[in-house]
Amino acid sequence: MERRDLLRALGAAAAATALAPTAGLALAHEGPRASSGRLKHSVSRWCYGKTPIDELCEAAKTIGFRSVELLDEADWMVPSKHGLVCAMANGFGTIPVGFNRLNQHERLVADAERMIPRAAAAGVPNIVCFSGNRGGMSDGEGIANCIAGFKRITPTAERHGVTLCLELLNSKVDHADYQADHTAWGVQVIQGVSSPRLKLLYDIYHMQIMEGDVIATIRANAPHIAHFHTGGVPGRHEIDDTQELNYRRVMQAIADLGFGGYVAQEFVPVREPALASLRQAFEICDV
């Protein structure tokens, strides 16, 4: 499923497990707390599709977030009206159709050459990119094709100071046949291109499903990671004690590395009000 499709599919689940309304509303509307400042926090817009974007930006700012992300170009400047940034733009290509297909390179390169300068002008530091699905392709061929494609656009990214982020996704639950489904696969692409403007978007939810050992993997590959996403495992819902990862400890490990990028909440809330879950996630991750 694409992100927007997943959001629609999960809509019916939201009413099933709700917080007590008074407690949830109080949590959602508390004032801003003092942030530790060790990490920069973002929230993925698609997870709150029922909330108008300006309302989401204002709530995110109140909670302590610095970014609302995964926005299309038409919305890139909306967070700035609220003193925020868009830390990650929706990019070129799609999850199933990406840089591992040579016959897609001309279109992807053209889209990238158009988008990268515009993202830079809008103050958007990162653009998400995808490998695409395997479709029977070997890992070696997929890696080589991705390297060839990214090498064509990283010079433009370097000139404009925008980082292209190859996202790691699971192929077990959410994105069947996706090729960049292990950290080692993505790192081979990053190393093959050898540009400071191509890094990994390490999605903690997806990599917990595929390989686990999250903290050790992050530590071993930190120079290749520009951005993080969260999500509760299993289910991709709240990141509290309803799921298996200790997100506070994961965030402490990331902060201890001196990580300078953004950590973005990308879980789909099932409790109401949804913004109460967002505040809770911020408090868990603000180490």
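Colleague: How many disulfides does the structure hold?
Modeller: Heads up, this is a predicted model: local features need pLDDT of at least 70, side-chain atom pairs count only at pLDDT 80 or more, and totals for chains, interfaces and linings use all residues. Residues are numbered from 1 along each chain as its sequence is written, and side-chain values use heavy atoms, leaving out hydrogens and water. A disulfide is a pair of cysteine sulfur atoms within 2.5 Å. The count of disulfides here is 0.

Colleague: Why is there no bond from Cys 146 to the closest cysteine sulfur, and how far away is that sulfur?
Modeller: Cys 146 has 0% relative accessibility, so it counts as buried (under 20% relative accessible area; exposed is over 50%, partly exposed in between, with a 1.4 Å probe and protein chains only). The closest cysteine sulfur belongs to Cys 129, and it is too far for a bond because the distance is 9.9 Å.

Colleague: OK, on to the sheet. In what order do its strands come?
Modeller: Strands (E, at least two residues) and helices (H or I, at least four) are DSSP runs numbered from the N terminus, and two strands pair if DSSP finds at least two bridges between them. Strand E2 (67-69) and strand E3 (126-129) are the edges, each pairing on one side only. The sheet is open, with 7 strands and parallel pairing, and its order is E2-E1-E7-E6-E5-E4-E3.

Colleague: Which residue in E7 stands opposite His 41?
Modeller: Look at strand E1 (residues 40-44), which runs parallel to strand E7 (residues 262-265) and is joined to it by 4 bridges. Opposite His 41, in E7, stands Val 263.

Colleague: At what angle does helix H5 run to E4?
Modeller: Axes are lines fitted to C-alpha atoms, for helices over the stretch in contact, and angles between N-to-C directions run from 0 to 180 degrees. Helix H5 (residues 139-160) lies across E3, strand E4 (163-167) and strand E5 (198-203). Its angle to E4 is about 145°.

Colleague: Which side chain makes a polar contact with the side chain of His 227?
Modeller: His 227 sits in strand E6 (residues 225-229) and is buried, with a relative accessible area of 0%. Beyond four places away in sequence, it touches (contact means heavy atoms within 4.5 Å) residues including Leu 200, Tyr 202 and Phe 259. A polar contact is a pair of N or O atoms within 3.5 Å; within protein, one must be able to donate a hydrogen and the other to accept it, and residues adjacent in sequence count only if both atoms are side-chain atoms. At 2.8 Å, the side-chain partner of His 227 is Glu 69.

Colleague: Is Arg 134 buried or exposed?
Modeller: You'll find Arg 134 in the loop between E3 and H5. A polar atom of its side chain lies 2.8 Å from the backbone oxygen of Tyr 178, and its contacts beyond four places in sequence include Asn 100, Asp 139 and Asp 181. Its relative accessibility is 19%, so Arg 134 counts as buried.

Colleague: Last one: which residues form one aromatic cluster with Phe 92?
Modeller: Rings of Phe, Tyr and Trp (its six-membered ring) pair if their centres lie within 6.5 Å; planes under 30 degrees apart count as stacked, over 60 as edge-to-face and the rest as tilted. The structure holds 5 aromatic pairs, and one of them, Phe 92 with Phe 99, is edge-to-face at 6.2 Å centre to centre and 75° between the planes. Both of those residues are buried. In the cluster, Phe 92 is joined by Phe 99 and Phe 150.
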